[in-house]
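Work through the exercises below with the structure open beside you. Try each task before you read its solution.

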Amino acid sequence: MRELREIEPLGAGQVRCGGKILLNFSGNDYLGLSQHPAVIDRARAYLDRYGAGAGASRLVTGTLDIHEQLEADFAAFLNREAALLFNTGFQANSTLLPTLFDRSSLILCDRLVHNSLLQGIRASKAKFIRYRHNDLGHLEQCLNQSLNQKSNQNLHQTDKPYNRIGIVTETLFSMDGDRADVGALVDLAQRYNAWLYLDDAHGVGVWGAQGQGLAALYPEVDVTIVTLGKAFGSFGAIVGCSQHLKNYWINTCPGLIYTTALPPATIGAIQGALDLMPHLDSERIYLHEQAANLHHTLQGLGYTTSAEPSHILPIRLQSPAQALALAQALEDQEILATAIRSPTVPPGSDRVRLTLSSVHPPAHYQALTQALAKVIPIIHIAPCPNNA
Ligand SMILES: *Cc1c(COP(=O)(O)O)cnc(C)c1O
């Protein structure tokens, strides 16, 4: 039984939770922009100037100059021809994919992709195959197998086996913190004439020059999803794409057409964050340094974590009970690090996920390291329940 927990943000990576002050190592506010004065000021300025709501959907009267400006700036930032705002990443993924693929299409997706991508893939009714996590050899094998099968079924060998092939993956995986090889994916997509749809929710802001993310270097990527509730510290999503695709979606995508445009205060916060983003290199360097240190510490203490460091560091455990026990033990040490259990992750891959932020001073990272050292016996003694 999962329950909602109330959190009071106190700034600098601290929260009040259950009457205690904890260091928050579970949020996605990787650069602390949700509390940044320039972001808050811009949100307030847009609120004062434009009011509380956009007043309509984008195609009716909800497109303000600030929506258009933000999209133009994002297209430049992401190195794309165009960009299109969505109200959430969930809404973008679940409603964009069915406009690109149908029951005559084939989609290959990483086995660990985010639920919003699966919702979109299922809704498209395309044939879909989940390849082994980050295993591009397996991806290519799946491609070859389904293309061969399909052309054997086809009486008319001249027919194309599928009307369209899509490859769908995250760039930096939200639950594992490991990265897909975007260059190799681009290569593969080109060779098989497949569309490449990348969800860069956790790459953007933290990785790439000026925080452009993991897809900006590759103009061949057809669709890049950027969510704005993570490193951008506010809310919403932006899709980097061609002008042609943008026009198509303005005419066909229900998740854009049948919903109220993002409100001015949110647009202000996003614009404020975007204007700051290129200037946050020292924050990014600090974050990567802390990630590397912590990764080293985790391995040294005998925890099972990701192969490579990133600002998302999972601690893999044997059971949901162990994950809960470790999260509780850390909380007793004033560290907030939540347990992530099935079905959010596959059964048997329960974990505590640490997410880092540049707002934590070195003292917070030291406190985290000390707590991790202190609680390590917990994961060896927690019993495994029968119903795990
Ligand atoms: C958070 C997330 C989403 C959803 O974005 P929201 O804007 O929060 O709805 C989509 N994809 C991935 C990989 C995410 O981590």
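The exercises that follow concern a predicted model.

**Exercise 1. The ligand and its shell**

Task: Find how many residues surround the ligand, and which are the closest.

Solution.
Step 1. Count the shell: 14 residues surround the ligand.
Step 2. Pick out the closest: they are Gly-89, Phe-90, Asp-199, His-202 and Lys-230.
Step 3. Sort the shell by class. Two residues are nonpolar, nine are polar and three are charged.
Step 4. Ask which element gives the largest share. That is helix H4, residues 89-100, with three residues of the shell.

**Exercise 2. Polar atoms at the ligand**

Task: For Gly-89, Asp-199 and Lys-230, state which part of the residue faces a ligand atom, and at what distance.

Solution.
Step 1. Start with Gly-89. Here a backbone N or O atom lies 2.7 Å from an oxygen atom of the ligand.
Step 2. Go to Asp-199. An N or O atom of its side chain is 2.6 Å from a nitrogen atom of the ligand.
Step 3. Turn to Lys-230. Its side chain has an N or O atom 2.8 Å from an oxygen atom of the ligand.
Step 4. Now take the ligand's surface. Alone, the ligand exposes 370 Å², and the protein buries 82% of that.

**Exercise 3. The sheet of seven strands**

Task: Give the strand order of the sheet of seven strands, then name its edge strands.

Solution.
Step 1. Read off the order: E4-E10-E9-E8-E7-E5-E6. The sheet is open, and its pairing is mixed.
Step 2. Look at the ends. The edge strands are E4 (82-86) and E6 (127-131), and each pairs on one side only.
Step 3. Add the turn. Neighbouring strands of this sheet are turned by 20 degrees against each other on average, direction ignored.

**Exercise 4. From E8 to E4, strand by strand**

Task: For each pair E8 with E9, E9 with E10, and E4 with E10, decide: parallel or antiparallel?

Solution.
Step 1. Recall the background: strands of a sheet pair through backbone hydrogen bonds, either parallel or antiparallel.
Step 2. Take E8 (residues 195-199) and E9. They run parallel, joined by three bridges. Asp-199 stands opposite Ile-225 in E9. Asp-199 is also one of the closest residues to the ligand.
Step 3. Take E9 and E10 (residues 237-241). They run antiparallel, joined by four bridges. Thr-224 has Gly-240 in E10 as its bridge partner, and Thr-227 has Ala-237.
Step 4. Take E4 and E10. Their pairing is antiparallel, over five bridges. Leu-85 has Ile-238 in E10 as its bridge partner.

**Exercise 5. Two covered strands**

Task: Sort the residues of E9 and E10 by face, and decide whether each face is covered or not covered.

Solution.
Step 1. Use a general rule: in a regular strand the side chains alternate between the two faces of the sheet.
Step 2. Sort E9 (residues 223-227). One side holds Val-223, Ile-225 and Thr-227, the other Thr-224 and Val-226. Both faces are covered: five of five residues in E9 are buried.
Step 3. Sort E10. Ala-237, Val-239 and Cys-241 are on one side, Ile-238 and Gly-240 on the other. Both faces are covered here as well, and five of five residues in E10 are buried.
Step 4. Check one residue against the cut-off. Val-223 has a relative accessible area of 1%. Buried means under 20%, so Val-223 counts as buried.
Step 5. Add a distance for Val-223. Its C-alpha is 9.8 Å from that of Ala-83, although the two are 140 residues apart in sequence.

**Exercise 6. The sheet of three strands and Thr-305**

Task: Work out which strands stand at the edges of the sheet of three strands, and where Thr-305 is found.

Solution.
Step 1. Read the order: E11-E14-E13, an open sheet with antiparallel pairing.
Step 2. Find the edges. E11 and E13 (339-340) each have a single partner strand, so one side of each is left without a neighbour in the sheet.
Step 3. Follow E13 to E14 (residues 351-355). Two bridges join them, and Ile-340 has Arg-351 in E14 as its bridge partner.
Step 4. Locate Thr-305. It is found in the loop between helix H11 (281-301) and strand E11 (312-316). Thr-305 is buried, with a relative accessible area of 17%.
Step 5. Find its contact. A polar atom of the Thr-305 side chain lies 2.8 Å from the backbone oxygen of Pro-314.

Key
Residues numbered from 1 in each chain as written. Predicted model: local features only at pLDDT ≥ 70, side-chain atom pairs only at ≥ 80, totals over all residues. Heavy atoms only, no water. Near = heavy atom within 4 Å. Polar contact = N/O pair within 3.5 Å; in protein donor to acceptor, adjacent residues only side chain to side chain. Areas by Shrake-Rupley, 256 points an atom, 1.4 Å probe, with all protein chains shown as cover. Nonpolar A, V, L, I, M, F, W, Y, C, P; charged D, E, K, R; others polar. Buried < 20%, exposed > 50% of the residue type's maximum accessible area, 1.4 Å probe, protein only. Pairing = 2+ DSSP bridges. Axes fitted to C-alpha atoms, helices over the stretch in contact; angles between N-to-C directions.
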